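Here is a friendly briefing to read alongside the coordinates. Please have the viewer open and follow the topics one by one.

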Amino acid sequence: MATYILRRFGSILVIVFLASLIIFSITQFLPGDVAQLVLGQFATEEAIANLREEYGLNNPFYIQYLDWAVNFVQGDWGNSLVSRMPVFPMVMSRLRNSAMLAVVVLMLYVPFGILLGVLAALKRDKWPDQIITTISMMFVALPVFVSSLLLIPLFCHFLGWLPANSSILPDSTFGEALPYLILPAIAVALNSLGYVARMTRAGTIDVLRTDYVRAAYLKGLPRRQVLVRHALRNALLPTITIIAMDAGMMIGGMLVAEVVFGYPGLGRLLLYGMQNQDLPLIQACSMVAVALLCLANLIADLLYGLLNPRIRVK
Amino acid sequence: MTEMYRSQKSIDTDPILDVRNLTVTYRTGQGLVYTVRDVSLQIAAGEIYGLVGESGSGKSTLARAIVRYLADNGQINSGSIKLGNTDLLTLPMSKMQKIWGSRITMVHQDPAAAVNPSITIGEQIAEVARLHLHMSSSQAREKALEMLRKMRMPDPESVAKRYAHQLSGGMLQRVVIAIALTTNPELLIMDEPTTSLDVTTEAAILDLVRELLTEYNMAVLFITHNLGVVANICNRVGVMYAGEIMEEGTVRQVFNHKLHPYTRGLLGCLPKVTNDKRNVSLSAIPGFIPRMNHLPSGCIFGPRCKLVEDDCQAERPSQVEAEAGHFTACRRWEALQSNPDLLMDVQQVRDMDEHEEGPLVFTASNIKKYFDVTASGFDSLFKQSGTEIKAVDDVSVGVRGGFTLGVVGESGCGKTTFARCIAGLEEATSGKMELEGQLLPYTVAKRTSAQKKRIQMVFQNPDASLNPHYTIGDSVSRPFVLMGDLSKEEIQMRVKELFSAVNLPEDYINRLPHELSGGEKQRIAIARAMASEPTMILCDEPLSSLDVSVQAALINLLIKLQDSSKISYLFISHDLAAVRYISDWVAVMYLGRICEIGSSEDVFLPPYHPYTEALLSAIPVPDPDVQQERIRLEGNVPSPIDLPSGCRFHTRCPRKIGEICEAQEPPWQDVSDHHQICCHITLDELRTMQSEVIVGQADTLREVR
Ligand code: SF4
Ligand code: SF4
C-alpha cells in the first residue's frame with residue numbers, strides 16, 4: 001500500500017512539473033511586457049530596462065523557469081504585480097475560503113445525488129424514477145452561471161431567504177460564512193448532483209440484477225439489509241470514480257460561482273489576476289488548482305481501492 | 001386427470017416438496033406465455049430429484065416458481081406447492097421470505113457471480129447463521145468455519161477471510177453450498193450447479209453433494225441439462241420438455257427403459273466416450289423445441305416424434321404409470337416398452353473404412369505463446385511487472401488430410417490460445433508452423449491470402465462471426481466477393497450449395513442472424529468457413545453453447561463434410577465424449593503442454609497418462625449402470641504465471657511417484673504407433689496399476705452391434 005501511494009505521489013509530481021512548465025510558458029508569452037506592466041505606460045526606457053534586469057527577464061527561458069520554480073517550491077511565490085503584496089498568503093487565505101465552499105458543495109451533492117440515484121433505481125421506470133431522471137438530466141445540462149442566475153432571483157429576491165452577494169470578509173469563520181456559502185454551493189452542486197444521481201442509478205440497477213443480490217434475497221435477508229450490505233457497496237464504486245473525475249468540473253464551476261456571487265475564493269483571485277495580467281498571481285493560482293485536481297484523483301483512487309477488495313493491495 | 005395417476009404414486013414417507021398441477025405464465029409482448037404447464041412432482045427427504053431438459057424447457061422457471069421468486073411479469077396461475085405441511089402459494093410474501101434461506105435454499109449456476117465480491121466469504125456464511133439460527137457474531141463465525149470444514153475446504157480459517165475473486169470456481173461453489181446447508185434446510189434447489197465448472201471440479205462437487213446428503217436429510221431438486229450428471233447423482237429424474245414433464249421415474253427406470261421418445265432422442269444424441277464416428281452415427285432429434293406461444297396441439301413432442309400418429313395430435317396425452325413409480329406422457333409407451341431398441345436403432349454403424357492416412361497437411365512444432373503481464377495504465381500499479389503467462393509452452397502437433405485432431409483439456413490449459421496462434425489471431429512467441437509444406441507466418445497480417453483461405457476458424461459463439469445487420473446469405477457470400485474472381489450468379493450458386501451442404505433451407509439466405517437459433521447460426525459459421533474450401537478448420541468449442549439435440553446434428557454435419565471434402569479439423573473441446581467421437585487423433589493438454597497424444601482409441605484405453613485417467617474418471621457418463629473408476633484431483637489448477645517445476649501435473653497428480661516428479665521434466669514414452677505419454681512412470685507400471693476407467697457402456701454397445 002505504502003509503495004503504491006509513493007508511486008502515485010511520484011506520478012503526481014511529474015504531472016505537476018509538466019503543468020508548471022505549461023503554465024509558466026503561457027504566462028511568459030502573454031501579450032505585453034512584464035516590466036511595462038509593472039511600471040505603467042509612462043515609464044522611461046531606462047527604468048524598464050533596469051526592471052527587466054532586476055526581474056531576470058533578460059535571461060534565457062530555462063533559467064527564468066528554474067528561478068521561478070525553485071522559489072515557488074520554497075514558498076516564495078513572488079509579489080503581486082498589482083498590490084505588491086506577497087502572493088503566498090493571499091492565495092492561502094483564498095484557498096481556505098474555496099475549501100469551505102467545496103466542503104459545502106460536496107456535502108450537498110454527494111449524499112443527495114446518491115440518495116436520488118438509489119431511489120430512482122429502486123423505483124425503476126415508475127414515476128419517482130422518471131422525475132429523478134428528468135431532473136438530473138436537466139441539472140447536468142445546466143451551466144453554473146445559468147443556475148446561479150436562476151437561483152439568485154428565486155432565493156434572494158423572491159423568497160428573501162439567502163443573501164445574493166457572498167462577498168464575505170476574507171477571514172470569516174466557517175460559521176459566519178455558512179449562510180453566504182449555501183447559494184453558490186447549490187449553484188455548483190446541481191450540475192454534479194445530476195451526474196452522481198445518474199451514475200448511482202445506473203450502478204445500482206446493474207448491481208440489483210446480479211446473481212449475488214438475488215442470492216442475498218434468497219438467503220432470506222430483509223430487503224434493507226440486501227440493499228445496504230450487498231448492493232450499495234458494489235453499486236457505489238462507479239459513483240466514486242465519477243465524483244473524482246468530476247473534481248475538475250467542480251473546480252471550474254466554483255470559479256464561475258465565486259465570480260457570480262462575489263465570493264472571495266481562489267477562483268475570483270484567479271480572475272482578478274487575469275484581468276490585471278498579474279502574472280505571479282495567475283501562476284500561483286493555476287498551480288494550486290492543478291495540485292488540487294491531482295490530489296482529488298488520488299483520494300478517489302484510494303477510496304475505490306478500499307471499497308473494492310479486488311484491487312485492494314496487500 | 002394427471003391428479004388421478006399421481007395420487008397412486010406412493011412415496012414411503014410424505015414428500016418434503018409436493019408440487020401439483022403447477023402452471024406458470026409470463027406476460028410478454030406476444031401475450032400470455034405458458035412456460036410451465038400442469039407439472040407435478042414430489043421429492044422425499046434424502047432424495048435427489050433430477051430435473052433435466054434443454055434450454056427453454058421451463059426447468060428454471062419451475063424452480064423459481066417453487067420459491068416464488070419469479071420475474072415481475074411471471075405469475076403462478078394454478079396448482080399447489082407444499083413444503084412439508086406449509087402451503088407455499090397461500091403464504092404472504094413476508095412469511096415466504098422467512099422460508100428463504102432457512103427451509104429452502106438455492107445454489108445457482110455461476111458461483112463466481114453468486115458470491116458478493118466485496119464481502120468476505122466467512123461473513124457471507126455467518127450472516128445466514130445469525131439471521132436464521134439466531135447466533136451471536138462469534139458463534140456465527142465459528143459456524144462458518146465449521147461449514148467450510150464440512151465442504152472439505154483446505155485451510156478454512158484463511159478462506160473465511162478471503163474475497164470471491166481470490167477463490168477458484170470450484171471453491172466458490174463449495175462456499176455457495178456451505179451457505180445453502182448452514183441452516184439445514186428441508187429443500188435444497190440446485191440450478192445447474194456444475195455447468196460452469198470443469199469436469200474434474202464437477203466430479204468433486206458431485207461427490208461432495210452425495211456425501212453431504214448422508215448427513216443432511218433433505219430433499220434436493222437438482223436441475224441440469226446434463227444427462228450424465230443426472231445418472232451420476234440423482235435417485236429420481238423428471239425429463240422436462242417445453243414446459244411439461246415427459247417422463248419420470250427412478251434413474252434406472254428412465255435410463256434403462258426410456259419410455260418416452262424424447263428421452264430416447266436425448267440419449268441417442270449423446271456421443272459416448274466408448275464410441276467413435278466409425279462405429280455409430282448419432283441420431284439428432286429433428287426440428288426444434290416449440291416456441292411457448294406457438295405450442296402444437298395434442299402431444300407437444302408430436303412435431304418431432306417419429307412415432308407420432310393422428311391420435312397424438314388430438315389430445316394431450318396424460319401421464320401413465322408404466323411400472324411402479326415410472327410415469328410417461330407418451331400414448332405409445334407400450335410400443336417403446338416392448339421394443340427397447342425402437343428409435344435407438346438409428347445408431348447404426350457408419351460405413352466408414354479405415355481410411356488411408358492422408359499426407360501431413362499441417363504441422364506445428366514447438367509452438368510457444370507467452371503473454372507478458374506488464375499490465376498497462378492503472379492496473380500496472382497493482383501488479384508485479386515482468387511476469388509471463390506461459391499459455392502455450394512447447395506444443396507440437398501434426399494434422400493429416402481428411403483427419404480430425406481433437407485437443408482436450410480443462411479451461412486454462414491453453415487449447416484455445418493454441419488454436420488462435422494457428423489461426424494467426426495471436427502471434428506465437430516462437431515455434432514453426434507449416435501448412436502444406438509452406439512456412440506459415442505467425443500473424444494473419446503476414447499471411448498470403450491463399451494461406452488465409454486454407455485455414456478457417458469456427459468459434460464457440462457463432463454470433464461473434466456474424467454481422468447482425470447483414471443477411472446470412474450476405475455473410476456467407478462475403479468470402480467469395482472478397483476473392484473477386486466469381487460472377488454474381490456463380491456466387492449465388494456457391495452460396496446455395498453451401499446452404500444445402502450445412503442442411504439449411506435456401507429461403508434462409510435472406511434472413512438476419514437474430515432470426516436463427518444457436519444451432520442454425522453455428523451452421524452458418526461452418527458454411528462460411530467452408531466457403532473458401534479450406535484445408536483445415538479450427539473448431540474452438542463449437543458445440544458448447546448448444547443444446548445436446550442440436551450438438552448431435554452439428555457433429556454429424558461436421559463428419560459428413562469431412563467425408564465429402566476431405567477437410568481436416570482441429571477440434572478443441574472440454575467434452576471428452578465429443579472429442580473421442582469426432583477425432584481420429586487426440587491430444588490431451590494440461591497447463592500449456594501436451595501430456596498425452598495418440599489415436600483416439602489408444603488414448604481412451606490404458607495405459608493412460610495420469611491426467612487423462614483422471615479426466616476420464618470425472619466424465620459424467622449418462623448411464624447409471626456404468627462402472628467408473630473414481631480418481632479425483634486435489635486442489636486447483638496452478639497459475640500459469642507460476643508453473644510447477646518438473647512435471648506440471650505433480651501438484652495434483654494422484655499417481656505421483658515422488659521427488660522425481662517435482663524435480664525433473666518427465667520423458668516422452670512411446671506406447672505404440674504414435675501414441676505417446678509424458679510421465680515418469682514406466683508404461684509397464686502404468687499398465688499394471690491402471691484398468692479401464694469406464695466399463696459397462698462398451699458392453700451395451702457391443703450388444704447393439
Ligand atoms: S404421444 Fe405420440 S407424438 Fe407424443 S411422444 Fe408419444 S408417440 Fe410421440
Ligand atoms: S510425471 Fe509424476 S506427477 Fe507427472 S504425471 Fe507422471 S506420475 Fe504424475
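Of the 13 residues around ligand 2, those that come nearest are B:C647, B:C653, B:C661, B:C679 and B:H680. Do keep in mind that this is a predicted model. The shell around ligand 2 divides into eight nonpolar, three polar and two charged residues.

**The surroundings of ligand 1**

- Ligand 1 has its own set of residues in chain B, and four cysteines are listed there: B:C299, B:C305, B:C312 and B:C330.
- The list around ligand 1 also includes B:H260, B:P261, B:G302, B:L307, B:V308 and B:P317.
- Two arginines, B:R331 and B:R332, belong to the surroundings of ligand 1 as well.
- By residue class, the shell of ligand 1 holds eight nonpolar, two polar and two charged members.

**A nonpolar patch on chain A**

- If you turn to the surface of chain A, you will find a nonpolar patch of about 390 Å², made by A:V103, A:M107, A:F174, A:L178 and A:I182.
- Two elements of chain A give two or more residues to this patch, namely α5 (87-122) and α8 (174-208).
- Helix α8(A) provides the largest share of the patch, with three residues.
- A:V103 sits in helix α5 of chain A.
- A:V103 has a relative accessible area of 39%, so this residue counts as partly exposed, the range for that class lying between 20% and 50%.

**The domains of chain A**

- Chain A is divided into domain 1, covering 31-76, and domain 2, covering 90-307.
- Taken over C-alpha atoms, the centres of domain 1 and domain 2 of chain A are separated by 40 Å.

**Backbone details in chain B**

- A cis peptide bond leads from B:P606 to B:P607, with omega near -5°.
- B:P607 is placed in the loop between α23 (600-603) and α24 (610-618) of chain B.
- B:D394 is a residue other than glycine with a positive phi, near 70°.
- Strand β14 of chain B, residues 388-400, is where B:D394 is found.
- With a relative accessibility of 31%, B:D394 counts as partly exposed.
- B:E436, also a residue other than glycine, has a positive phi near 45°.
- The loop between β16 (430-435) and β17 (438-439) of chain B is the place of B:E436.
- B:E436 counts as partly exposed too, because its relative accessibility is 42%.

Key. Residues are numbered from 1 along each chain as its sequence is written. Chains are lettered from A and ligands numbered from 1 in the order in which they are written. This is a predicted model: local features need pLDDT of at least 70, side-chain atom pairs count only at pLDDT 80 or more; totals for chains, interfaces and linings use all residues. Side-chain values use heavy atoms; hydrogens and water are left out. A residue is near a molecule or strand if one of its heavy atoms lies within 4 Å of it. Ala, Val, Leu, Ile, Met, Phe, Trp, Tyr, Cys and Pro count as nonpolar, Asp, Glu, Lys and Arg as charged, and the others, Gly among them, as polar. Patches are made of residues with over 30% relative accessible area and no salt bridge: like charges are joined within 9 Å, nonpolar side chains (Val, Leu, Ile, Met, Phe, Trp, Tyr) within 5 Å. Accessible areas come from the Shrake-Rupley method with a 1.4 Å probe; for residues, only the protein chains shown count as cover. A salt bridge is a side-chain nitrogen of Lys or Arg within 4 Å of a carboxyl oxygen of Asp or Glu. Helices (H or I, at least four residues) and strands (E, at least two) are DSSP runs, numbered from the N terminus. Buried means under 20% relative accessible area, exposed over 50%, partly exposed in between (1.4 Å probe, protein chains only). Domain bounds come from an automatic or database domain assignment.
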